[in-house]
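Colleague: Got a minute to walk me through this one? I'd like to hear about the rings, the ligand and any odd backbone spots.

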Amino acid sequence: MIVVLFGPPGVGKGTQASRLAKHFNFEKFSMGDILREEVAIRSESGKKAEVYMSQGVLVPDMLIFEIVDNFLLANKDTSILFDGFPRNLNQAISLNTSLSRLGLKPRLALDMDLAEKEIIARLVNRRYCPACNRLYNLVSNPPAKNEICNQCGKPLIKRPDDHEAVIQKRLQVYRDETAPLTRYYKSMNCYQKINAIGSEDEIFNNIVQIINAHNTKK
Ligand code: AMP
């Protein structure tokens, strides 16, 4: 089963993607995490991607497609949850082409929806652990010790793109480039809007129900 999870930055995609992958045994493909890892190890693609990521704009499709194609080659027989990919129409069409070569197509495109005011409040308080990638929110989901990861004891950090000026840019990119995926996936009859207000558990349980209702098909 192929599931695509999209929505504006800060809506909770990363958190839900990790829980859903564990619950359904999906292979999780989180484009933002992969790119941040490339940046951290100073690979050639990481150095190129960093320039775009720090400005809150999308990394060029060519770089993205290389990463996706390698992932699909290695995971062609598994159920996949795409988180943060596709992020524009060109990427969505390319994903469809790659999947159809393998006899597959997205079964569900889940669009997490939240008001921009709430998104900004979440992003400025977001922190993550650079060692295990665990996400926190200093207001709604703080660590037990001040800005220290519960899991591995490392100091939490704020993503360089979680500052308000960059957040505004990312929201604009979302409106211009990613939001049109709604119409595209509606036309493929796999679109499902998810209300992202509520507790993490409520949203998770809602998505689980939706995926279960589709899980019988390939
Ligand atoms: P995220 O962690 O999903 O918020 O992504 C962080 C940043 O990585 C984005 O602001 C983009 O610069 C880049 N990025 C993530 N996914 C993609 C994608 N599918 N296409 C292009 N750039 C991406």
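**Rings, ligand and backbone**

Modeller: Sure. There are 9 aromatic pairs in the structure; rings of Phe, Tyr and Trp (its six-membered ring) pair if their centres lie within 6.5 Å, and planes under 30 degrees apart count as stacked, over 60 as edge-to-face and the rest as tilted. Among them is Phe6 with Tyr191, a tilted pair at 6.5 Å centre to centre with 50° between the planes. That pair links distant parts of the chain, with Phe6 in strand β1 (residues 2–6) and Tyr191 in strand β7 (residues 191–195), 185 residues apart.

Colleague: Before I go on, what kind of model is this, and how are residues numbered?

Modeller: It's a predicted model: local features need pLDDT of at least 70, side-chain atom pairs count only at pLDDT 80 or more, and totals for chains, interfaces and linings use all residues. Residues are numbered from 1 along each chain as its sequence is written, and side-chain values use heavy atoms, with hydrogens and water left out.

Colleague: And what counts as a strand or a helix?

Modeller: They're DSSP runs numbered from the N terminus: helices are H or I with at least four residues, strands are E with at least two.

Colleague: Are Phe6 and Tyr191 buried or exposed?

Modeller: Both are buried (under 20% relative accessible area; exposed is over 50%, partly exposed in between, with a 1.4 Å probe and protein chains only).

Colleague: Which other rings join that cluster?

Modeller: Ring pairs link Phe6, Tyr184, Tyr185 and Tyr191 into a cluster. Tyr184 and Tyr185 pair edge-to-face, 5.2 Å centre to centre and 70° between planes, and both are buried.

Colleague: Switching to the ligand. How many residues surround it, and which are closest?

Modeller: 16 residues surround the ligand, and the closest are Arg36, Val57, Gly84, Arg87 and Gln91. To be on that list, a residue needs a heavy atom within 4 Å of the ligand. Helix α2 (residues 31–40) gives the largest share of the shell, 4 residues.

Colleague: Which polar contacts does the ligand make?

Modeller: A polar contact here is a pair of N or O atoms within 3.5 Å. One of them puts a ligand oxygen 2.9 Å from a side-chain N or O atom of Arg36. A backbone N or O atom of Gly84 lies 3.0 Å from a ligand nitrogen, and a polar side-chain atom of Arg170 is 3.4 Å from a ligand oxygen.

Colleague: How much of the ligand does the protein bury?

Modeller: 95% of the 480 Å² that the ligand exposes when taken alone; those areas come from the Shrake-Rupley method with a 1.4 Å probe.

Colleague: OK, backbone now. Where is the cis peptide bond?

Modeller: From Phe85 to Pro86, with omega near 0°. Pro86 is in the loop between β3 (80–83) and α5 (89–101).

Colleague: Which residues other than glycine have positive phi?

Modeller: Arg42 is one of them, with phi near 60°, and Asn189 also has a positive phi, about 60°. Arg42 sits in the loop between α2 and α3, while Asn189 is in the loop between α8 (181–187) and β7.

Colleague: Why do you call Arg42 partly exposed and Asn189 exposed?

Modeller: Arg42 is called partly exposed because its relative accessible area is 42%. Asn189 is called exposed because its relative accessible area is 73%.

Key: Polar contact = N/O pair within 3.5 Å; in protein donor to acceptor, adjacent residues only side chain to side chain.
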